[in-house]
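Okay, thanks everyone for squeezing in. I'd like to walk you through one model today, starting with the ligand and then moving on to some rings. Have a look at it while I talk.

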Amino acid sequence: MTAWSEQARASGKSIGFVPTMGALHPGHLSLVSKAKAENKLVVSSIFVNPIQFNKPEDLKHYPRTPEQDMAALSDSGCDVVFCPDVKEMYPEPESQVYDFGMLDKVMEGSFRQGHFNGVAIVVKKLFDIVRPHNAYFGTKDYQQLQIIRVLVRMEKIPVNIIACPTIREPDGLAMSSRNMRLGTAERKAAPLIYQTLQGAKERIARMRPAEVKEWAVNQINANPFLQTEYFEIADADTLMPAEQAHPNQTLVACTAVYAGNIRLIDNILLND
Ligand code: AMP
């Protein structure tokens, strides 16, 4: 992989990179299309990263659809698919511990211990191997995107991080590899998550963040198939919880919701 990249770079070709864990859907493929439009060559990786899973059950049941993934990547203009195995990526146990300050302590970080450290380790390794000029990440994983921006700054990795919008089902549910594991009733209930985020955006101008939060949690939990793990309104850069909406501050609402035993996340910028 690295030899191929070195050769492409030496001949002046730009490389766009889309890291994924496979089970690809149109959300992933939108990243590949954007990478293709902005670079001469596109690399995608498929690697289900064991060290970012905090629940062995979640790792075990993570969907894997390699044949369909290859076909979809090829149709979307991807030039190279990098699919390392676990031993190759982790010949020895990992001991690196990143310090992201508060960024990995809130929201996803507080409910998924070690998750972002695992993400940072694998993304750093992938960047070192693939050596892209530009790397594409979904805003769907908002906190992950912020972590990666900080990682790149901290480690001085010469890559541009490009944020891509969340692709949704027609009913508003954010596309996710986990959606295929939803039961019928849970799938029917799930669009309420995005409807509630939109409701929060509509209310933030006239209600305090704490009131919006309370409204949102009640709204989601009123559905018997949904249970909110967290619903936060935070500064869009630092992800620190917002007590008050300030005129010059961009806020983001982020939520994690269990639909049955499937955990879904979504977010919305409140004043973009
Ligand atoms: P994953 O395979 O879940 O690790 O996701 C790989 C990349 O695809 C990440 O940058 C995600 O943020 C992005 N992604 C996942 N779902 C969507 C979506 N619905 N729309 C846009 N990007 C997405």
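Before I get to the ligand, one bit of vocabulary: when I say polar contact, I mean a pair of N or O atoms within 3.5 Å. And keep in mind that this is a predicted model.

So, with that cut-off in hand, look at Gly-138. One of its polar backbone atoms is 2.9 Å from an oxygen atom of the ligand. Met-21 does something along those lines too, with a backbone N or O atom 2.9 Å from a ligand oxygen. Then there's Ile-167, where a backbone N or O atom lies 2.8 Å from a nitrogen atom of the ligand. How much of the ligand's accessible area does the protein cover? On its own the ligand has 490 Å², and the protein covers 92% of that.

Now the shell. There are 16 residues around the ligand, and the ones that come nearest are Met-21, Gly-138, Asp-141, Ile-167 and Met-175. By class, we've got eight nonpolar, six polar and two charged residues in there. Strand 1 (15-20), helix 2 (26-38) and strand 4 (134-138) each put in at least two residues. Helix 2 has the largest share, with three.

Okay, on to the rings. The count comes to six aromatic pairs. Take Phe-47 and Tyr-90: their centres are 6.2 Å apart with 45° between the planes, so that pair is tilted. What I like here is that the two partners sit 43 residues apart, Phe-47 in the loop between strand 2 and helix 3, and Tyr-90 in the loop between helix 5 and helix 6. Phe-47 is buried, at 5% relative accessible area, and Tyr-90 is buried as well, at 10%.

Next pair: Phe-111 and Tyr-230. Is this one stacked or edge-to-face? The planes are at 15°, with the centres 5.6 Å apart, so the pair is stacked. Phe-111 is in helix 6 and Tyr-230 in strand 6, 119 residues apart. Tyr-230 is buried at 7%, whereas Phe-111 is partly exposed at 38%.

There's also an aromatic cluster made of Phe-17, Phe-127 and Phe-137.

Last thing, arginines on rings. The charged end of Arg-168 sits over the Tyr-194 ring, 3.4 Å from its centre. And Arg-203 lies over the face of Trp-215, at 3.8 Å from the ring centre.

That's my tour, over to you.

Technical notes
Residues numbered from 1 in each chain as written. Predicted model: local features only at pLDDT ≥ 70, side-chain atom pairs only at ≥ 80, totals over all residues. Heavy atoms only, no water. Near = heavy atom within 4 Å. Polar contact = N/O pair within 3.5 Å; in protein donor to acceptor, adjacent residues only side chain to side chain. Areas by Shrake-Rupley, 256 points an atom, 1.4 Å probe, with all protein chains shown as cover. Helix = DSSP H or I, 4+ residues; strand = E, 2+ residues; numbered from the N terminus. Nonpolar A, V, L, I, M, F, W, Y, C, P; charged D, E, K, R; others polar. Phe/Tyr/Trp six-rings, centres within 6.5 Å; stacked < 30°, edge-to-face > 60°. Buried < 20%, exposed > 50% of the residue type's maximum accessible area, 1.4 Å probe, protein only. Lys NZ or Arg CZ within 6 Å of the ring centre and 35° of its normal.
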